[in-house]
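I opened the model to follow up a few charged and buried positions. My notes are below, in the order I looked.

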Amino acid sequence: MIMSANPNLDPMTRSQIEISAEVVNALNLIFKVIRHYLIMAKKLNSIMIMYQLQMVAPIYVKYAEAYSKAQKVFLQGIPIGDGLGPLVASKFLMKSSQKFTVSKDTIAGTLEFEGRKLVVVKAEGPMATVGTPGEGVQNVIEREGGKVSRIITVDAALKLEGEETGTIAEGMGVAMGDPGPEKIAIERVAVKYGIPIDAVIVKMSMEEAITEMRKEVYQAADKVIDYVKRIILERTKPGSTIVLVGVGNTAGIAQ
Amino acid sequence: MAISADSKQALKVKTVVKCMQCDYTQERDFQVGDFVLKLVGNCPKDNGPLYIAGIYAETLNQKK
């Protein structure tokens with residue numbers, strides 16, 4: 001739709017308009033939810049519904065403020081907290097001489113690490129996009145003939161209040177907030193070839209995830225790199241192939 | 001209405017510039033057009049290529 005309105009748009013501007021539209025949509029949704037409960041309370045003449053609305057209103061205010069700030073950040077091209085995954089991937093890709101497009105808005109690069117072949121996948125920056133990492137990983141693994149010994153995913157994750165921003169946690173499975181087609185695409189290809197999946201996450205609040213990347217998150221990127229290197233050395237053998245996926249919005253982060 | 005304290009924090013966005021060949025590091029204010037891994041000139045120490053290693057935001061006023 002954006003391209004039909006202006007076919008000469010460069011990809012960077014296109015991605016910024018796309019993300020602005022997403023932010024406006026999120027703000028509109030908050031407005032509609034609040035309005036829904038307000039009208040419902042009036043229609044049913046229910047003070048209890050009004051009480052419920054008053055109780056959750058501060059949370060919605062916080063979300064609305066965060067989205068409002070996020071739009072300005074995206075338009076300036078500043079990396080956001082959710083860009084942690086692409087930042088880690090870009091630090092690996094710096095050493096890669098061979099980079100190629102694997103799916104829409106998604107790029108991969110290969111490099112050698114301690115006798116192993118490392119294929120790093122991330123969204124194509126510095127555009128404000130999350131790319132299509134699911135399809136990208138699927139294509140990379142099919143290209144390798146399924147001979148991949150491990151998939152490591154890195155992403156930002158929402159913290160609970162009281163938890164410290166920038167703390168790292170590890171788990172199994174795909175680190176991806178979106179339960180949509182991208183996550184299942186990685187899981188399907190992993191099941192098809194019996195590839196174990198590791199997840200490394202860095203914790204932050206929702207506001208920190210969609211606004212300017214905080215110093216704690218930026219500093220956590222180097223720790224995540226060491227963490228990923230340790231996982232590779234401990235859990236894979238020399239000569240094997242590992243796929244590393246930096247999940248998240250790559251606004252302001254190239255490769 | 002309770003407005004979150006987090007949202008009221010003033011943030012300063014910084015750009016970290018590093019040399020690809022030596023340990024030279026410089027921090028400056030973010031400028032529109034900066035992005036991570038952008039090449040931004042030559043190193044004053046060894047003339048190696050300088051690149052943007054990171055962009056992050058720092059809190060100016062401390063949380064109470």
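Where in chain A does Ser240(A) lie? I found Ser240(A) in the loop between helix 8 and strand 7 (241-246) of chain A. I kept in mind that this is a predicted model.

**Entry 1: Ser240(A)**
I checked burial next. Ser240(A) has a relative accessible area of 13%, under the 20% cut-off, so I logged Ser240(A) as buried. I then listed contacts, leaving out residues up to four places away in sequence. Ser240(A) touches Arg116(A), Lys117(A) and Ser149(A). I also took a C-alpha to C-alpha distance. Ser240(A) and Val148(A) are 6.9 Å apart in space but 92 residues apart in sequence.

**Entry 2: Lys117(A)**
I followed Lys117(A) to a salt bridge with Glu144(A), where the closest N and O atoms are 2.8 Å apart. This pair links distant parts of the chain, 27 residues apart. Lys117(A) sits in strand 3 (residues 116-123) of chain A, and Glu144(A) in the loop between helix 5 and strand 4 (150-158). I noted Lys117(A) as partly exposed, at 33% relative accessible area.

**Entry 3: helices 5 and 6 of chain A**
How do helix 5 and helix 6 of chain A pack? I read an angle of about 20° between helix 5 (residues 133-143) and helix 6 (residues 181-193), with the axes 7 Å apart. Angles under 35 degrees count as roughly parallel, so helix 5 is roughly parallel to helix 6. By class, I logged seven nonpolar, two polar and four charged residues in this contact. Among them are Val137(A) and Ile141(A) from helix 5, and Ile186(A) and Val189(A) from helix 6.

I looked for a charge pair here as well. Lys192(A) in helix 6 and Glu142(A) in helix 5 are 50 residues apart in sequence. Their side chains meet in a salt bridge at 3.0 Å, N to O. Lys192(A) is exposed at 55% relative accessibility, whereas Glu142(A) is partly exposed at 35%.

**Entry 4: Glu212(A)**
Which side chain of opposite charge is nearest to Glu212(A)? I found Arg214(A), 4.2 Å away. A salt bridge needs the atoms within 4 Å. Glu212(A) is buried and has no salt bridge. I placed Glu212(A) in the loop between helix 7 (206-210) and helix 8 (215-235) of chain A. Glu212(A) touches residues of chain B, including Leu11(B), Val13(B) and Ala57(B). From chain A, I noted Val73(A) and Ile78(A) among the contacts.

**Entry 5: other charge pairs**
I searched the whole structure and got 18 salt bridges over all chains. One network links Arg14(A), Glu18(A), Lys104(A) and Asp105(A). In chain B, I picked out Asp23(B) with Lys45(B), at 2.8 Å between the closest N and O atoms. Both Asp23(B) and Lys45(B) are exposed.

Note on methods:
Residues are numbered from 1 along each chain as its sequence is written. Chains are lettered from A and ligands numbered from 1 in the order in which they are written. This is a predicted model: local features need pLDDT of at least 70, side-chain atom pairs count only at pLDDT 80 or more; totals for chains, interfaces and linings use all residues. Side-chain values use heavy atoms; hydrogens and water are left out. Helices (H or I, at least four residues) and strands (E, at least two) are DSSP runs, numbered from the N terminus. Buried means under 20% relative accessible area, exposed over 50%, partly exposed in between (1.4 Å probe, protein chains only). Lys and Arg count as positive and Asp and Glu as negative; His and the chain ends are not counted. Contact means heavy atoms within 4.5 Å. Axes are lines fitted to C-alpha atoms, for helices over the stretch in contact, and angles run from 0 to 180 degrees between N-to-C directions. Angles under 35 degrees count as roughly parallel, over 145 as roughly antiparallel, 65 to 115 as roughly perpendicular and the rest as oblique. Ala, Val, Leu, Ile, Met, Phe, Trp, Tyr, Cys and Pro count as nonpolar, Asp, Glu, Lys and Arg as charged, and the others, Gly among them, as polar.
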